[in-house]
Amino acid sequence: MPATTVIDLTDVGLFATNRHHETFRHLRAHAPVYRNPLPDGTGFWALTRYDDVLAAYRDHETFSSAHGAILGGSFRAGGDTASGDMLVASDPPRHRMLRRAMHPPFSPGMVDRVTGQVRSLLREAVERIRREGGCDFALDFAPLLPVGALMALFGVGLDDARHIVSLTRRMVGYRDPALCEQTGDERIRLAHAQSEIFEYFADLLDERRDDPGRDDVIGMLLRAELNGQALDDAQILYNCMNIAVGGNETSSYTTCAGFLALLENPGEWQRLREDPALLPSALEEILRWSSTNAYVQRVAVRDTRVHGVEITGGDIVTLWNVSANRDGDQFTDPDRFDITRNPNRHLSFGSGLHRCIGAPAGNAELAEAFTALMGSGLEFRPAGNPIRLRSNFILGFTSLPVETVA
Ligand code: HEM
């Protein structure tokens with residue numbers, strides 16, 4: 001790729017065709033602090049080297065989260081965001097208080113409930129696959145992870161959990177015609193998808209308000225305090241939404257990418273099945289390999305320099321996990337899928353203050369998925385071309401057909 005090529009990291013086609021790794025290799029080598037131009041004459045910075053991404057994650061005093069993690073993702077029309085009220089879109093000291101309020105839904109006890117619910121759904125799914133001789137893994141298997149998690153976290157039934165997943169899927173896939181009708185302005189489409197999720201949780205909150213003793217996320221947030229005061233409705237709703245959007249697509253798309261990597265690397269799949277004790281390190285490699293949350297957004301709150309490049313206060317800076325996780329200065333042979341990779345300090349859950357609070361739940365869901373697949377005794381092979389999600393924020397699959405081998 002010529003050094004002068006103009007690269008547009010908002011081009012979802014780049015990610016949907018899996019060409020982004022080559023682009024990031026180029027950026028790490030030639031433009032580690034890249035100014036991505038936007039059609040309206042503005043732009044944003046892209047950090048793509050491991051050390052730079054990690055340093056920016058850790059320097060929350062320079063790089064603020066207050067504008068949310070997704071480019072163009074304000075949570076209300078007109079640029080007024082959930083800033084300071086939603087965990088992922090807050091800075092200290094507010095972030096510290098919100099994070100404390102959000103601990104109960106992520107306790108080990110809740111992770112156990114998530115695990116149990118996911119396990120029972122996957123057991124049924126494996127039996128269906130056995131009977132039917134295959135499935136679309138991206139539709140029939142992987143989404144059961146967030147469905148089970150939502151049932152446990154929010155105390156809702158199967159149909160509601162499926163409905164919430166369909167809403168977050170449409171929001172994350174707002175630029176993908178398979179998931180969201182491509183009419184009108186895309187920012188409005190995104191805002192519309194966000195407000196549908198908000199409305200769902202607003203109805204659930206109304207239903208639950210008279211029963212605040214419940215042992216689920218809404219009950220926990222109704223009882224939580226922020227600076228000695230109860231959370232208001234908007235704060236509860238934004239954080240329900242943060243949990244749903246943070247957890248739904250990430251764990252299921254990571255499972256798809258991991259399963260495909262194992263199918264494409266049958267030697268690694270064989271090793272894992274022969275020695276299930278390798279599962280923890282295999283999951284780390286699956287997380288690195290998939291880098292499902294491709295980037296997070298920050299806004300510089302003061303002038304700073306990275307590799308001599310001037311970043312001005314107010315500039316948007318994106319931290320590309322998907323690139324950092326393939327940086328050859330950090331990972332030996334980074335484009336090789338190696339389930340015994342050690343060390344493997346990937347950035348798939350982020351780092352610093354905002355490091356994923358749902359990581360234990362996410363890890364438990366992934367462990368359930370691959371344990372169920374290994375324990376099924378089924379042999380799988382691809383039954384068609386996988387279709388990648390059209391998004392530059394969440395990397396996933398809208399279709400991954402597989403069949404069992406008799
Ligand atoms: C494989 C699965 C997952 C991946 C790859 C992932 C990725 C991430 C990343 C990169 C961040 C950092 C955002 C930032 O720095 O701006 C984050 C934060 C967060 N994640 Fe996850 N996540 C996963 C699973 C989950 C699950 C299962 C939940 C909830 C059930 C969840 C809820 C959250 C929340 C609430 C935050 C905000 C934390 C904060 O700002 O302090 N995530 N996640």
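Is Asn227 buried or exposed? Asn227 is exposed, with a relative accessible area of 64%. The cut-off for exposed is over 50%, so Asn227 falls in that class. Keep in mind that this is a predicted model.

**Unusual backbone spots**

Start with Asn227. This residue sits in the loop between strand S5 (225-226) and strand S6 (229-230). Its backbone is worth a look. Phi of Asn227 is near 60 degrees, a positive value in a residue other than glycine. Most residues other than glycine have a negative phi, and most peptide bonds are trans.

Asp333 also has a positive phi, near 50 degrees, and is not a glycine. Find Asp333 in the loop between helices H14 and H15. Is Asp333 as open to the outside as a residue can be classed? Its relative accessibility is 43%, so Asp333 counts as partly exposed.Two peptide bonds are cis. One joins Pro92 and Pro93, with omega about 5 degrees. Pro93 is found in the loop between strand S3 (63-64) and helix H4 (94-101). The other runs from Asn342 to Pro343, and its omega is near 0 degrees. Pro343 lies in the loop between helix H14 (321-324) and helix H15 (359-375). Asp333 has its place in the loop between H14 and H15 too.

**The five-stranded sheet**

Now turn to the strands. Five of them form an open sheet in the order S1-S2-S10-S7-S3, and the pairing is mixed. Which strands stand at the edges? They are S1 (33-37) and S3. Each has a single partner strand, so one side of each is left without a neighbour in the sheet.

Strand S10 (residues 316-320) has S2 on one side and S7 on the other in the sheet order. How does S10 run beside S2, parallel or antiparallel? Strand S2 (residues 43-47) and S10 run parallel, joined by three bridges. Strand S7 (residues 295-300) and S10 run antiparallel, and five bridges join them. The table lists some bridge partners in S10.

| Residue | Bridge partner in S10 |
|---|---|
| Leu47 | Leu319 |
| Gln297 | Thr318 |
| Arg298 | Val317 |

How many residues of S10 are buried? Four of its five residues are buried, so the strand is mostly covered, with buried meaning under 20% relative accessible area. In a regular strand the side chains alternate between the two faces of the sheet.

A helix crosses this sheet. Helix H3 (residues 50-58) lies across S2, S3, S7 and S10. Its direction makes an angle of about 125 degrees with S10.

**The three-stranded sheet**

A further open sheet has three strands, in the order S4-S14-S11. Its pairing is antiparallel. Strand S4 (134-136) and strand S11 (380-382) stand at the edges. Each of these has a single partner strand, so one side of each is left without a neighbour in the sheet. From one strand to the next, the twist averages 25 degrees.

Look at S4 and strand S14 (residues 401-404). Three bridges join them, and they run antiparallel. Which residue in S14 is the bridge partner of Gly134? The partner is Glu403.

**Two helices that pack together**

Helix H9 (residues 186-208) packs against helix H11 (residues 233-264). Their angle is about 120 degrees, and their axes are 9 Å apart. That angle makes H9 oblique to H11. Why not roughly perpendicular? That class covers 65 to 115 degrees, so an angle of about 120 degrees falls outside it. The crossing of H9 past H11 is right-handed.

Which residues make the contact? On H9 they are Gln194, Ile197, Phe198, Phe201, Ala202 and Leu205. On H11 they are Asp233, Ile236, Leu237, Tyr238, Cys240, Met241, Ala244 and Val245. By type, the residues of this contact divide into twelve nonpolar, one polar and one charged.

**A buried threonine**

Finish with Thr168, in helix H8 (residues 158-172). Is Thr168 buried or exposed? Its relative accessible area is 0%, so Thr168 is buried.

What does Thr168 touch? Leaving out residues up to four places away in sequence, Thr168 touches Ile197, Ala244, Val245, Asn248 and Glu249. Some of these names have come up already. Ile197 belongs to the H9 side of the helix contact, while Ala244 and Val245 belong to the H11 side. Thr168 of H8 therefore touches residues that take part in the packing of H9 with H11.

Note on methods:
Residues are numbered from 1 along each chain as its sequence is written. This is a predicted model: local features need pLDDT of at least 70, side-chain atom pairs count only at pLDDT 80 or more; totals for chains, interfaces and linings use all residues. Side-chain values use heavy atoms; hydrogens and water are left out. Helices (H or I, at least four residues) and strands (E, at least two) are DSSP runs, numbered from the N terminus. Buried means under 20% relative accessible area, exposed over 50%, partly exposed in between (1.4 Å probe, protein chains only). Contact means heavy atoms within 4.5 Å. Two strands pair if DSSP finds at least two bridges between them. Axes are lines fitted to C-alpha atoms, for helices over the stretch in contact, and angles run from 0 to 180 degrees between N-to-C directions. Angles under 35 degrees count as roughly parallel, over 145 as roughly antiparallel, 65 to 115 as roughly perpendicular and the rest as oblique. A crossing is left-handed if the near helix is turned anticlockwise from the far one by less than a right angle, and right-handed if clockwise. Ala, Val, Leu, Ile, Met, Phe, Trp, Tyr, Cys and Pro count as nonpolar, Asp, Glu, Lys and Arg as charged, and the others, Gly among them, as polar.
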